[in-house]
Amino acid sequence: MHDNSASVEVRVDRFVLERLVPAVYRRTRALSIEAWEVPDEPVPFTEAVAQQYVPFSVGMPWSKPWGTTWFHVTGVVPDGWGGDGTAIELLVDLGFSSRQPGFQAEGLVYTPAGDIVKAIEPFNGYVPLDGGLIDLGPGDAIDLYIEAASNPDVGGNFFYIPTPLGDKATAGTDPIYTLRQVDVVERDIDVYELERDVWSLLGLMRELEPSLPRRAEILRALEDVCDVVDPDDVASTAAAGRAALAAVLSSPAYASAHAVTAVGHAHIDSAWLWPTRETVRKCARTFSNVLQLMDTDLDFVFACSSAQQFSWMKQFYPALFERIRARVAEGRFVPVGGMWVESDTNMPGGEALARQFVHGKGFFLREFGYEPTEVWLPDSFGYTAAMPQIARSAGSDSFLTQKISWNDTNRMPHHSFLWEGIDGSRIFTHFPPSDTYNSDLSGADLARAQRQYAEKGRSNVSLALFGWGDGGGGPTREMLAAAARTRDLEGSPKVTIGSPKQFFDEAKATLPAPSVWSGEMYLELHRGTYTSQANTKQGNRRSEHLLREAELWSSAAAVAGLRDYPYEHLTAIWETVLLQQFHDILPGSSIAWVHQQAEENYARITGELEEIIATAQKALAGDGEKQLTFNASPVTAGGVPALGAAVAATTRSIAPRRVDGGVVLDNGQVSARFDDSGALVSLRDLDTGRDLVAPGESASVLQIYRDTPNQWDAWDIDRHYQNNRVELRTPTEVLVTDRTVEVTHVHGESTFTQRYWLEAGDHALQIETVIDWHEREKLLKLAFPLDVRADQASSEIQFGHMKRATAVNTSWDYARFETIAHRWVHVGEPGFGIAVANGSTYGHDITRTTRDDGGTTTLVRESLLRAPRFPDPTADQGRHVLRTVLGVAPGVLDAAAEGYRVNLPVRTIDGAGVDVVEPLVTVSSPAVFAEAVKLAEDRSGDLIVRLYEAEGGRATATVGFGVPITSAWTTDLLERDRGDGGWDAATPIELTLRPFQLVTLRVKPA
């Protein structure tokens, strides 16, 4: 037999495109249209429906970028339409691009009574008119409203070309869409089903080896369809086409076929290339699509993360929320994740990550009586090694992500495995091997899952997340049709619609001894997100620490009966902070609009928290004439014990002293020397005589690098940035004041002033870098070449620290050229170490080299600022004030203390009436830190104390309280009794913690 396979494939493709797809809709009729353009921000239906509408027609342009136009659509279902084998629908094209399913215009359809029917999306533009909320027949009137959003395609074809579209002020006012279609249509169900048959079989066939008989069998059946279906009368012959495919569609899957649990899904970024106000509408549109599909397909299951998005529906779309609530009760609209948002996990502090679960699971339990046990973070940019313990402590037992498949160097060796955190906690983890969280259940996606699944031979099940995300509207009826056809189909994996829990239960059962991945799951991509949008990051860091202070002092005042605890206010602030830790806000990868709003929110939050703190401290201090200093950190600071307040000596800065060749700052503990150019050439530990600065080097050197990543501007720092560097070593001014050394540099249009000072008794040099930044596509680093041989660097993460190699031996080391640290980095040798602490910086790189003298220089560099041009062309421009501390730190606990002190500076208030405010909580072990002190979420008045072991060893600690208590017990993060027993008032609270263990205590005051 001659091989004409290629010719047949071309014939089939043309037949589908030219004959089959156009025949899906038998008849169409245009509807009448009126329109009202919203002057500015979106308005609710009740306001829109009362406006004056004007005639409008297909072919007319509508709405500026970020605008909204309401269309009033009217007409009549034509006589003779409908009946067996057809469906009556509204079909709308708002001017969509077929390039992608989302990232463009969208619409939401309402009845005249204000009921939401369904959304209009680029790949999902129909609305059923003959069933569900609308049930029309021939002669019935059509009367609908469409809220159309003219969201611009900010990204376009590239993610590095600057665009004004991300800022409403610069996006322009000209219409960007043209209305193409608003018709009532009659859909031919037989033709539609035939087109779906052909689509599934073509997709499967093209994934099969050319030599397989199954591939040839499918091709010949498709060829038969082209013969039996009359191109001039597709409707009448479609049934014959389906019959020609019946045999190949009914052939069962191989016994060893990979099993796929398919879960409906819509990854909706809570902000990204659109503001949060648009995310609210995206959620309503997508969820209305999901609910409509659930009305027609009783097996359909949809998983939805982010309590914030549910909360928005409750607030802005209450009727839609009640429909969601009903489907949640059925187990078909499944809350997952248990977090407030799908947050970044690299930069949020430990307590903030804990609160993601406290607030997320709390919402789901209150509203639905349901607790998700799967952590759901498919798109975050790497995963902290603290997550397994945090998740397990929140009652979760499974973890899902997909993002690590984006690695640019190494491929993760597992798809289903145990992930082990820094404390030893383990959580069952799955990466969908289809490498997407926006699957359409195509033959390509399913074959990829089967081909790549790493655990085959031991287990044979994986998860597929299907649905268009980010404004694509979620799962479609076409995807459900694909699932139905691949339920048991020869050559294909076997697809079953199910819930995440069903999948994880099966995966665990079929893989009783999974492999273990220990430590962080570092994403070998998007390394620039540790640094982009420094103001957003600084706002996050400051808000986290202000919340700590507000809760601590408010708890102390409330327990003492001095003032009520501000539950509602603190909850509202936390929910804003948690929202802005979303994985495209805190990482700095959103449009200008998003970051402007985030920074406005941080400014507002700062004012509110400062007021809460001041009110609580005043209540604790009483009235008088004393000066009282409060210390909210878990270490002694400013001469005040941890978590307490006292009358303390005023902190004194050492006066600089001019010497030959420069300036010296010396407090008897350390001595810093600057040369005539203002370079920090020495920082000597006077106890040991060791110099922290490497021989012949200068520390605190500002370095500017060319920063032009290959693709993702705000996201990426590519290794080639290292090839082009300018160091600022020729200052325009060196100023010595009575307490500081100030060195000013000018480069291009930017100005840099570094201020150095030394406090009496400190072992660390304080550095403030003030930058007026006007560079473009540049990376600013602050370099510290240190005279210490550190094989590993310890970097603070949530509730502990990570040790990372400073040498490059493996491809994994090579790819990890930019890393995360929270408040501090420690490098050291036995008996001697150095801390580099910071006030709001996250990105670092740490390497080591051997000098000619045989010694080792360990180079610690902070990544201070970037200047990407996409998606925000003004990112990081303007004034920044950044704090760094360089000091002697024999161990990591000393580094941790420096990190706490720079992020939680002591506060001094006047007019106090007491000499001391006893700490509400005391901890006997220096290795155990109290990270949070608050009142219980259930408003019982119980005290909650979050503790963790910080050194990385076993520690025993006695916990005491500044007020009488009746009992105490351990809880999970949601403050539920762990059942481990407890303590009464007469029993000392003694804890033995394993390395990095997290413990939550619940205490009942007397």
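Here is a quick tour of some strands and one pocket in this structure. Keep in mind that the model is predicted. We'll start with an open sheet of four strands, look at how β2 pairs up with β5 and β3, and finish at the largest pocket, with its volume of about 1,200 Å³.

**The four-stranded sheet**
- Read across the open sheet and you get the order β1-β14-β6-β9, with antiparallel pairing.
- β1 (25–30) and β9 (126–128) sit at the edges with a single partner strand each, so one side of each has no neighbour in the sheet.
- Neighbouring strands here are turned against each other by 30° on average, if you ignore direction.
- The partner of β1 is β14 (residues 181–188), and the two pair in the antiparallel sense over five bridges.
- To spot this pairing yourself, find R27 and look across to its bridge partner in β14, E186.

**β2 and its partners**
- β2 (residues 32–37) pairs with β5 (residues 67–76) in the antiparallel sense, over six bridges.
- In that pairing, S32 stands opposite T74 of β5.
- β2 also pairs with β3 (residues 54–56), again antiparallel, this time over three bridges.
- Here A35 stands opposite V54 of β3.

**The largest pocket**
- The pocket is lined by 42 residues, and the closest to its centre are G638, E759, R901, P905 and V906.
- Elements giving two or more residues to the lining include α14 (534–559), β25 (626–630) and β36 (764–773).
- The top contributor is α18, with six residues.
- What is the lining made of, in terms of nonpolar, polar and charged residues? It divides into 16 nonpolar, 16 polar and ten charged.

Note on methods:
Residues are numbered from 1 along each chain as its sequence is written. This is a predicted model: local features need pLDDT of at least 70, side-chain atom pairs count only at pLDDT 80 or more; totals for chains, interfaces and linings use all residues. Side-chain values use heavy atoms; hydrogens and water are left out. Two strands pair if DSSP finds at least two bridges between them. Axes are lines fitted to C-alpha atoms, for helices over the stretch in contact, and angles run from 0 to 180 degrees between N-to-C directions. On a 1 Å grid over the protein atoms alone, a cavity is a set of points where a 1.4 Å probe fits but cannot get out, and a pocket is an open set with protein on both sides within 12 Å along at least five of seven lines; lining residues have an atom within 4 Å of a point. Grid points are joined across faces, edges and corners, and a volume is the space filled by probe spheres set on the points. Ala, Val, Leu, Ile, Met, Phe, Trp, Tyr, Cys and Pro count as nonpolar, Asp, Glu, Lys and Arg as charged, and the others, Gly among them, as polar.
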